[in-house]
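Colleague: Could you take me through one part of this model at close range, and then set that part in the context of the whole chain? I would like a connected account rather than a list.

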Amino acid sequence: MKKFVMAAAGGTIAGIVATTQFVGPLLAQEEQRNASVYEQLDLFGDIFERIRAQYVEQVNEEELIEAAIDGMLTSLDPHSSYLSPDDAADMRVQTRGEFGGLGIEVTQEDGFVKVVSPIDSTPADEAGIEAGDFITHVDGESVLGLTLDEAVDMMRGPVGSEIVITVVREGEAEPFDVEIVRDTITLTAVRTRTQGQTVVLRITTFNDQTFPNLESGLREEVEALGGMENVNGFVIDLRNNPGGLLNQAIEVSDAFLDAGEIVSTRGRDPADGDRYNAEEGDLAEGKPIVVLINGGSASASEIVAGALQDHRRAIVVGTKSFGKGSVQTVMPLRGEGAMRLTTARYYTPSGRSIQALGVSPDIIVAQPNRNPVDEEADEEASGLPTRSESDLRGALGNDSLSEDEARQIEEDREKAEEAAALREEDYQLAYAIDILKGLSALGPEVRALSQGAIVAPESGDGEDSSQSE
């Protein structure tokens with residue numbers, strides 16, 4: 001028995017020794033890391049004091065520290081940044097839907113400012129700025145080497161003042177200047193209209209107004225058509241929509257889904273992940289949906305497109321989206337400033353991340369570039385007379401049609417001509433509407449066969465405390 005006790009005690013002592021030998025080096029490594037961090041902070045303090053004492057001009061200490069903080073955050077990724085009190089106030093105003101500026105959403109790539117998308121009916125949009133453009137100079141000054149916030153500050157100014165930006169565009173041999181007059185940017189989150197029997201929902205941004213605008217606009221258009229039975233489908237136009245609030249993207253997706261996961265977010269700590277599920281209720285009442293996207297569709301737009309695509313609730317048409325699959329949390333700081341920090345990636349219901357990959361459309365349809373030479377040729381060609389059987393002298397009439405039938409044929413012909421005119425104005429939208437016409441022609445039985453939904457993983461509810469940029 002004594003031998004057993006001694007053996008047990010010896011085992012305990014050995015275990016303590018072994019544990020000490022294992023934990024000791026880890027603690028030493030942690031202490032070394034902490035010491036290294038404090039040494040770097042001391043180095044920062046030394047540099048700060050040297051600049052303040054010996055720089056050729058007197059510096060503003062607060063601006064110097066803010067620049068250091070911003071540099072630390074922007075070194076992480078293009079979407080993390082420091083928001084000064086003024087910038088934080090501007091951001092809060094933007095989410096409410098009105099602010100001053102040019103009307104473009106930008107990011108930074110290769111040291112230059114890249115346009116994610118122009119905002120509809122803003123000075124930048126009317127001046128011809130396009131998604132994918134690079135801004136290299138502002139009023140003749142290069143933006144190379146500036147942080148994104150510094151470049152954006154250069155583009156800000158009083159409403160009514162003029163700015164000249166130098167743009168590099170793919171397909172253009174030389175950079176070119178664009179003159180823009182700054183204005184107050186009032187965002188209309190959703191514009192609705194009907195095109196024939198199709199309801200078009202143009203979502204320009206995801207702010208506090210988006211879902212309420214969508215819901216009310218959709219109901220008004222359906223009522224104007226005489227009820228849902230007269231609607232052949234919906235087009236959700238997300239082209240050049242740079243994103244916005246995560247909770248609004250979830251609400252818009254939920255508006256057209258009865259069940260299943262909409263999006264999940266996964267952070268560094270697995271415990272910080274969230275899943276958001278749809279609740280019963282479909283504003284479109286099961287009617288076919290086509291979602292339009294392009295390279296300017298980013299962030300919240302990609303959440304909506306990805307959710308509806310994965311659930312086979314919509315056909316996605318256009319070109320590959322921007323590929324911003326990260327979520328930024330805005331954290332208030334002392335002194336009324338804030339920090340925008342990337343805290344998670346988001347995933348579509350099928351579990352795919354679209355970070356840097358984007359959403360690939362089901363049907364790739366590029367918007368054709370209008371060539372002025374071709375336009376002139378089209379105008380000349382349109383002036384040529386067209387002839388048909390009915391134009392021939394002495395042609396026989398058609399006595400098999402009643403007046404109502406003849407009138408219906410004429411109305412159908414006018415609708416077809418309107419559709420052809422829309423192709424000249426907006427080829428991608430016309431393509432989407434043609435898809436809905438084709439689906440409505442097939443009948444409900446055939447449509448039902450093509451509208452199977454994936455089975456999304458079960459998930460719990462989570463409160464939305466984040467927003468996407």
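Modeller: I will begin at the surface, with the nonpolar patch of about 330 Å² that Val37, Tyr38 and Leu41 make; please keep in mind throughout that this is a predicted model. Tyr38 belongs to helix H1, which covers residues 2-54, and Tyr38 is exposed because its relative accessible area is 56%, where exposed means over 50%.

A surface patch of another kind is negative, and Asp139, Glu141, Glu162, Asp177 and Glu179 form it. Of these residues, Glu162 can be placed in strand S7, residues 162-168, and with a relative accessibility of 48% Glu162 counts as partly exposed, since that class lies between the limits of 20% and 50%.

From the surface we can turn to helix H7, made up of residues 246-254, where 7 of the 9 residues are buried, so that the helix is largely enclosed by the rest of the structure. The buried residues of H7 are Leu246, Gln248, Ala249, Ile250, Val252, Ser253 and Asp254, and each of them therefore has a relative accessible area under 20%, which is what buried means here. As for what lies over them, the cover of these buried residues includes two helices that flank the list in sequence, H6 (210-224) and H8 (300-310), together with the strands S11 (198-203), S13 (261-267), S14 (274-277) and S17 (326-332).

Another residue that repays a close look is Ile315, which is placed in strand S16, residues 315-318, and which counts as partly exposed at 25% relative accessibility. If its neighbours within four places in sequence are left aside, Ile315 is in contact with Ile289, Val290 and Val291, with Asp362 and Ile363, and also with Ile435 and Leu439. Along the chain, Ile315 and Ala305 are 10 residues apart, and a distance of 9.1 Å separates their C-alpha atoms.

Set against the whole, these parts belong to a protein of 469 residues, of which 38% count as buried, and its secondary structure comes to 12 helices and 19 strands. Where contacts join residues at least 6 apart in sequence, 69% of them link residues that are at least 24 apart. The protein exposes about 26,700 Å² in total, and carbon and sulfur atoms supply 51% of that area.

Conventions. Residues numbered from 1 in each chain as written. Predicted model: local features only at pLDDT ≥ 70, side-chain atom pairs only at ≥ 80, totals over all residues. Heavy atoms only, no water. Patch = residues over 30% accessible without salt bridge, like charges linked within 9 Å, V, L, I, M, F, W, Y side chains within 5 Å. Areas by Shrake-Rupley, 256 points an atom, 1.4 Å probe, with all protein chains shown as cover. Salt bridge = Lys/Arg side-chain N within 4 Å of Asp/Glu carboxyl O. Helix = DSSP H or I, 4+ residues; strand = E, 2+ residues; numbered from the N terminus. Buried < 20%, exposed > 50% of the residue type's maximum accessible area, 1.4 Å probe, protein only. Contact = heavy atoms within 4.5 Å. Lys, Arg positive; Asp, Glu negative; His and termini not counted. Charge placed at Lys NZ, Arg CZ, Asp CG, Glu CD.
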